[in-house]
Amino acid sequence: MAVDTMTEPATDAITPRRPREAQLPTVSVVIPVRDGAPYLGEALQSILHQDLADIEVIVVDDGSCDDSAAIATSISDCDSRVKVVANRGKGIVDALNMGISLARAPLVARMDCDDVSLPDRLRLQAACFEADPDLQLLGTAGLQIDRNGKPLKPMDVPIGREQLRDALARYNPMLHPTVMFRTEAVRQVGGYRSAFTYAEDYDLWLRLSETGKLANMDARLVKLRSHPGQISRVKEDQQKAAAALARQSALLRRSRAEPFDASSQPAEAIGAFLAWRAATGVGISSLERRDIELLLRTAGIPLATTCKLLFLATVGAPSFRTLALGPRLAWRRMTARPAKMRRN
């Protein structure tokens, strides 16, 4: 940093030595939090007690209304490796991208504010990246725990290149809070995208798979907490629709650009995609039908678009399940309406 001086230094003065840059950490841990006070302290301590000490921890407070920011700040006052930044409630995608933009390490590890990492997690994952220069993304198996930390069940993930590739085409085969990835690889593909909110991780994995190697470890290195109010439970339909859009987008990228703005809100992106798909006039295949059905559950899709897609599904895959798509969709929408709007 340049320093303005008021006087010229003496010619025989000793030129002061520049301070050495602080050594970069090996891993940056990004933890977004919104109203996570009950578990945040335990989550942070599990990271700070890792046997890989050369880390930085970036806590992105996404507009919490509880004591989350105060808890994180008090811990950062005691441990300089922790940095707390405010995201002002802009959402999970923006919070994650902010954390990645601030990361100084070549590797980023994800962590949720209510989960617990085992002490050797970061060291074991970082060693895998050191051993394999082609590796871009690495997840692990996990252990599901309840709100009190009691073990519930093991959480397995597909292991092996072929198994992981096959799974990736059908569902998200990686546990988001367990992953570690190369910082620059994620930056180069554009980070997380808001059009895929609730499945933003799945969309990112699909894009990373187009440029490099993905893998899972069978070691259970993270305890993932299950409790009411989690995104996966509260926003189940939106999550499934976002995942369907991610799969369809991955297929589209092989031949053309995505027909929607990836920085838009999910409903807008889904609406634009379905309008484009209906306009193609091409019959919907049996493999595509499931994703189209999930996308059509989104509120606000015009009736004309829905009818055209139902027709294309019947033309492309004339099966009993396809013929029942219209009634299933109508029933789904009816039951999804607020109770006060339903007739007795």
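Is Arg88 buried or exposed? Select Arg88 in this predicted model, and you will find a residue that counts as exposed, because its relative accessibility is 73% and the threshold for that class is over 50%. Arg88 sits in the loop between β3 (82-86) and α3 (92-102), and its backbone deserves a look as well, since phi is positive at about 55° although the residue is not a glycine.

Now move to Asp35, which lies in the loop between β1 (27-33) and α1 (37-48). Here too phi is positive in a residue other than glycine, with a value near 55°. The side of the story told by accessibility is that Asp35 is partly exposed, with a relative accessible area of 38%.

**Helix α4**

Select residues 121-131, which form helix α4, and colour Arg121, Leu122, Gln125, Ala126 and Phe129, the residues that are buried there. Turn the view until you look down the axis of α4: the buried residues fall within an arc of 110°, so they line one face of the helix. On the face turned away from that buried side, pick out Glu130 and Ala131, which are exposed.

While you are in this part of the chain, show the cysteines Cys113 and Cys128. Cys113 counts as buried because its relative accessibility is 12%, whereas Cys128, at 26%, counts as partly exposed. A disulfide is a covalent bond between the sulfur atoms of two cysteines. A search of the whole structure for such bonds finds 0 disulfides.

**Helix α10 and its contacts along the chain**

Next select helix α10, residues 266-280, and place a distance marker between the C-alpha atoms at its two ends: they are 21 Å apart, which agrees with the 21 Å that 15 residues should span at 1.5 Å a residue. Which residues of α10 are buried? They are Pro266, Ala269, Ile270, Phe273, Leu274, Arg277 and Ala278, and because they cover an arc of only 160° around the axis, they lie on the same side of α10. The face turned away from this buried side carries the exposed residues Glu268 and Ala279.

Two residues of α10 lead to other parts of the chain. Begin with Pro266, which is buried with a relative accessible area of 19%, and add Ser194: although the two are 72 residues apart along the chain, their C-alpha atoms are separated by 6.9 Å. Then go to Ala278 and add Leu312, where 34 residues of chain separation correspond to 7.7 Å between the C-alpha atoms. Leu312 belongs to helix α12 (residues 303-316), and at 2% relative accessibility Leu312 counts as buried.

**The second largest pocket**

For the last stop, display the second largest pocket, whose volume is about 500 Å³. Its lining comprises 16 residues, and those to select for its centre are Arg165, Leu168, Leu206, Ser209 and Glu210, the closest to that point. Which elements each supply at least two residues of the lining? They are α5 (161-168), α7 (200-209), β9 (213-225) and α9 (236-252), and the largest share, 5 residues, comes from α5. If you colour the lining of this pocket by class, you will see 7 nonpolar, 2 polar and 7 charged residues.

Key. Residues are numbered from 1 along each chain as its sequence is written. This is a predicted model: local features need pLDDT of at least 70, side-chain atom pairs count only at pLDDT 80 or more; totals for chains, interfaces and linings use all residues. Side-chain values use heavy atoms; hydrogens and water are left out. A disulfide is a pair of cysteine sulfur atoms within 2.5 Å. Buried means under 20% relative accessible area, exposed over 50%, partly exposed in between (1.4 Å probe, protein chains only). On a 1 Å grid over the protein atoms alone, a cavity is a set of points where a 1.4 Å probe fits but cannot get out, and a pocket is an open set with protein on both sides within 12 Å along at least five of seven lines; lining residues have an atom within 4 Å of a point. Grid points are joined across faces, edges and corners, and a volume is the space filled by probe spheres set on the points. Helices (H or I, at least four residues) and strands (E, at least two) are DSSP runs, numbered from the N terminus. Ala, Val, Leu, Ile, Met, Phe, Trp, Tyr, Cys and Pro count as nonpolar, Asp, Glu, Lys and Arg as charged, and the others, Gly among them, as polar. The expected span of a helix is 1.5 Å times one less than its number of residues. The arc is that of the directions from the helix axis to the C-beta atoms.
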